[in-house]
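Student: I would like a close look at one part of this protein, the aromatic side chains and what surrounds them. Please take it step by step in one connected answer.

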Amino acid sequence: MKNICLYFQVHQPFRLNRFSFMDIGNGVPYYDEMLNSEILRQVSLQSYLPANRALMKLIKAGNRQLHVNFSISGTALDQFERYMPELIESFRALADTGCVEFMSDTYSHSLAALKSSEEFNLQVKKHTARVAALFRKTPRVFRNTEQIYNNKIADMAAAMGFVATLTNGASPENKIINLFIDYQTFGKFHEHADVISTFAQYLPNEILLQNNHLLRPEGVTKLLPAVASLMRPQITIPQEENYDLRPWLNNDMQQDAFDTLYALGKKVRATDDDQLKQDWAYLQSADHFYYMGIQDPGNSLSPYDSPFDAFINYMNVLTDFSLRTDNSLEKKKITPHGRHTLEAGLYI
């Protein structure tokens, strides 16, 4: 008998408009609303909604031993509300069954843990609050972006009150198996809803028929005692054999964009501009850096023709964003006496 945690990742980044040098400073929108809406609708109809319906059918059939776990990024939740609000209701219905648990993540599926503990904490707290508000379930287990993990990340998560952090296995005693699946995989590689429904319907049942237990991650911490101390001073990533950050921070373009982005953090947090702060979060999605490393032109994972195109487009947006940040701070100048100066020269 095995104890199995079945996890599904749900994430969608806000993909950027083609943004030229001539667009900088001219109020051009950052996000490709048509592309983002189209992709979400396609993935939802091919994967998210039929898979949710299949899981709900199993639960309603009386299978209360069925437990599944979701990690839904904040950017995905924002897109649900903006483009397909029925997705919120679909996941909320699953949450109300008591058979589904939600994990906390960085809000924008970001790499903030590698650069700014302050930004990391803000994003995780924002994501936790968002999930709790939407689904009436407060996450108790943390899963960092792409399961990037080290001792520092674990300590930061523990300090925020999480009972566990998901990472790749150290496999002592093999008492638990974590199966982590991208929820859009079904729709991406299998376009027919009946295939997705069949998979979602029979996989959990087959696991249970083999006398295994399907658990929620918080339940694991209560059921199984700790078996060893896990010290990971270096970054680990489950899907990377050498446990490095090559998908996102391998080349000079990725590093330059990453460093330039996070150099703006202090300024952004000093503004009172909510739109700026939302853009700041969306620009942190790890996907933007991933696109700068994909070497296969036309790869379905990237909206760009090449890594260089991805880099130039992102840096143009980031230059515009930096100008907006500076302008926002100019409107909020601090006097030597700590008073705020209004544009008209009055003091408060």
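Tutor: In this predicted model, Phe-102 and Phe-135 are both buried. Their rings form a stacked aromatic pair, with 4.5 Å from centre to centre and 5 degrees between the planes. The two residues come from distant parts of the chain: Phe-102 belongs to strand 3 (residues 100-102) and Phe-135 to helix 4 (residues 117-135), 33 residues apart.

Helix 4 also supplies a ring to a pair of another geometry. The ring centres of Phe-120 and Phe-142 are 5.6 Å apart and their planes stand at 90 degrees; an angle over 60 degrees counts as edge-to-face, so this pair is edge-to-face. Phe-120 is in helix 4 and Phe-142 in strand 4 (residues 141-143), so the pair ties together parts that are 22 residues apart in sequence. Phe-120 has a relative accessible area of 0% and is therefore buried. Phe-142 is buried as well, with a relative accessible area of 0%.

These are two of the 24 aromatic pairs found in a search of the whole structure. Ring pairs also join up into a cluster made of Phe-8, Tyr-48, Phe-70, Phe-80, Phe-91, Phe-102, Phe-135 and Tyr-183. The stacked pair of Phe-102 and Phe-135 thus has both its rings in that cluster. One ring has a charged partner: Lys-126 lies over the face of Tyr-107, 4.3 Å from the ring centre.

The next step is the nonpolar core. In soluble globular proteins, nonpolar side chains tend to be buried together. Here the largest nonpolar core has 78 residues, and Phe-70, Ile-72, Phe-80 and Tyr-314 touch the most other members. Helix 1 (residues 33-60) makes the biggest contribution to this core, nine residues. Phe-70 is also a member of the ring cluster. With neighbours within four places in sequence left aside, its contacts include the aromatic residues Phe-8, Phe-91, Phe-102 and Tyr-183. Phe-70 also contacts Val-10, Leu-55, Leu-94, Val-100 and Met-103, as well as Asn-52 and Glu-101.

Apart from the largest core lies another, of five residues, including Cys-5, Met-103, Val-141 and Leu-166. Cys-5 has 0% relative accessibility, so it counts as buried. Cys-99 is also buried, at a relative accessible area of 1%. The structure holds zero disulfides.

Helix 4 and strand 4 appear again around helix 5 (residues 151-159). Asn-151, Ile-153, Ala-154, Met-156 and Ala-157 of helix 5 are buried. The cover over the buried residues of helix 5 includes helix 4, strand 4 and strand 5 (164-166). An α-helix has 3.6 residues a turn, so residues three or four places apart point the same way. At the start of helix 5, a side-chain oxygen of Asn-150 comes within 3.2 Å of the backbone nitrogen of Lys-152. Just after helix 5, Gly-161 has a positive phi of about 100 degrees.

For the wider setting, the protein chain has 14 helices and seven strands. Of its 348 residues, 50% count as buried. Among contacts between residues at least 6 apart in sequence, 74% join residues at least 24 apart. The pair of Phe-102 and Phe-135, 33 residues apart, links distant parts of the chain.

Technical notes. Residues are numbered from 1 along each chain as its sequence is written. This is a predicted model: local features need pLDDT of at least 70, side-chain atom pairs count only at pLDDT 80 or more; totals for chains, interfaces and linings use all residues. Side-chain values use heavy atoms; hydrogens and water are left out. Rings of Phe, Tyr and Trp (its six-membered ring) pair if their centres lie within 6.5 Å; planes under 30 degrees apart count as stacked, over 60 as edge-to-face and the rest as tilted. Helices (H or I, at least four residues) and strands (E, at least two) are DSSP runs, numbered from the N terminus. Buried means under 20% relative accessible area, exposed over 50%, partly exposed in between (1.4 Å probe, protein chains only). A charge sits over a ring if NZ of Lys or CZ of Arg is within 6 Å of the ring centre and within 35 degrees of the ring normal. A nonpolar core is a set of buried Ala, Val, Leu, Ile, Met, Phe, Trp, Tyr and Cys residues joined through side-chain atoms within 4.5 Å. Contact means heavy atoms within 4.5 Å. A polar contact is a pair of N or O atoms within 3.5 Å; within protein, one must be able to donate a hydrogen and the other to accept it, and residues adjacent in sequence count only if both atoms are side-chain atoms. A disulfide is a pair of cysteine sulfur atoms within 2.5 Å.
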